[in-house]
Amino acid sequence: MPRDKSGPTRSEISRRGLLGGAGLLLLTACAPGNGGGSGSGSGSGSGAFPVSIEHKHGTTEITERPERVVTVGMTDQDTVLALGTAPVATREWFGGKEGALWPWAREKLGDREVPEVLARQELEFERIAALEPDVIIGLNSGLTKQQYDKLSAIAPTVAQPGEYADYGVPWQDMTRTVGRILDHREKAEQLVTDIEARFERARSQHPAFDGATGLLAASMSGKAWVYAEGPAPRFLRTLGLRMPSATEDLFSGESREAKQLSKERFELLEADVLVLGVYGAPEDSIAREGVYQQLDVVEQGRDITMRRQSTLNGAVTFSSPLSLPIALDGLVPRMAAAIDGDPSTKVRPVE
């Protein structure tokens, strides 16, 4: 199948529901550690080791606080950094950033060594082994049992939780699990509390969100996809928006994976606010189609278009403890303008 080679593959979009997301908010995390590519933050450690963590492929025991951390989940590096540790290696998802760190994570890294970047498509077992990790974290991943076994032979490995779909762990669960791994449970809980409070403030400041319809869609090589699960749909639901009932009917069966829409079904993109991520060449975007431009949500300026490489798209897609404040600062005002009931209100373009 055709795909945008510089961005996530179509299958990755389908599995992860990506896109789903003013200056960087510095959350309450203790100062970064010193030296090397690792470096743990000081602070809320309890010394409560060994720690046993259950996941999809079994239970992993961590006997002491890890210093050298390798992340093989697609967004795990953000959570590790949010809790004060710089990973020695990360895994590329999309964006092509140095160290696979988007701006919010690069800011948190500070002057510590930039992590090595592991390939997106295949796990590089020999390269990971050469890094001599104390722990390997793959929470936002789709690790198979075979991959997990190979990684576990290198270092204690924490795979994705079994109670969620692959690539489907909520950011709260990821934060708390990484807090246990790094012995920063209190800090992790504070991060969750702070960000959930930001969502609650956004809802209270924008009561029109409650019960309004919101939809996450993507343009991928000229094809339209809609999502019921993943970071961005979860982001919209947390703000009080619901999926339009006609579109929800697409997901009435067992599968909640992304659905492709033909041009004849673009009416299912109608919502009080439509968030559209554009992947692939701009000239191939569905936003250029006449049938798309004739939608009420578009004619009335209630669509929010985010380019693949835009910081806002990355922030919403990652939906991590570091990126969520940026996603809220960038998306909430645009959503409010979109659903204020006044078609003359212009939604600020996404840079």
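**Helix α8, its sheet and the nonpolar cores**

Helix α8 is followed by glycine 240, which has a positive phi, near 105 degrees. The model described here is predicted. The helix itself spans residues 231-238, and its buried residues are Pro231, Ala232, Pro233, Phe235 and Leu236. Helix α8 lies across three strands, namely β8 (214-220), β9 and β11 (273-279). Relative to β8, the helix runs at about 160 degrees.

These strands belong to an open sheet of 5 strands, arranged in the order β10-β9-β8-β11-β12 with mixed pairing. At the edges of the sheet are β10 (259-261) and β12 (303-307), each of which pairs on one side only. From one strand to the next, the twist averages 30 degrees. Strand β9 (residues 223-227) is antiparallel to β10, and 3 bridges join the two. Within this part of the sheet, tryptophan 225 stands opposite glutamine 260, a residue of β10.

In soluble globular proteins, nonpolar side chains tend to be buried together. In the present model, the largest nonpolar core contains 71 residues. The members that touch the most other members of this core are Phe235, Leu239 and Met335. The greatest contribution to the core comes from helix α13 (residues 324-338), which gives 10 residues. Another core lies apart from the largest one and has 21 residues, including Ala224, Ala228, Ala271 and Leu295. Phe235 thus appears in two descriptions: as a buried residue of α8, and as one of the residues that touch the most other members of the largest nonpolar core.

Methods: Residues are numbered from 1 along each chain as its sequence is written. This is a predicted model: local features need pLDDT of at least 70, side-chain atom pairs count only at pLDDT 80 or more; totals for chains, interfaces and linings use all residues. Side-chain values use heavy atoms; hydrogens and water are left out. Buried means under 20% relative accessible area, exposed over 50%, partly exposed in between (1.4 Å probe, protein chains only). Helices (H or I, at least four residues) and strands (E, at least two) are DSSP runs, numbered from the N terminus. A nonpolar core is a set of buried Ala, Val, Leu, Ile, Met, Phe, Trp, Tyr and Cys residues joined through side-chain atoms within 4.5 Å. Two strands pair if DSSP finds at least two bridges between them. Axes are lines fitted to C-alpha atoms, for helices over the stretch in contact, and angles run from 0 to 180 degrees between N-to-C directions. Contact means heavy atoms within 4.5 Å.
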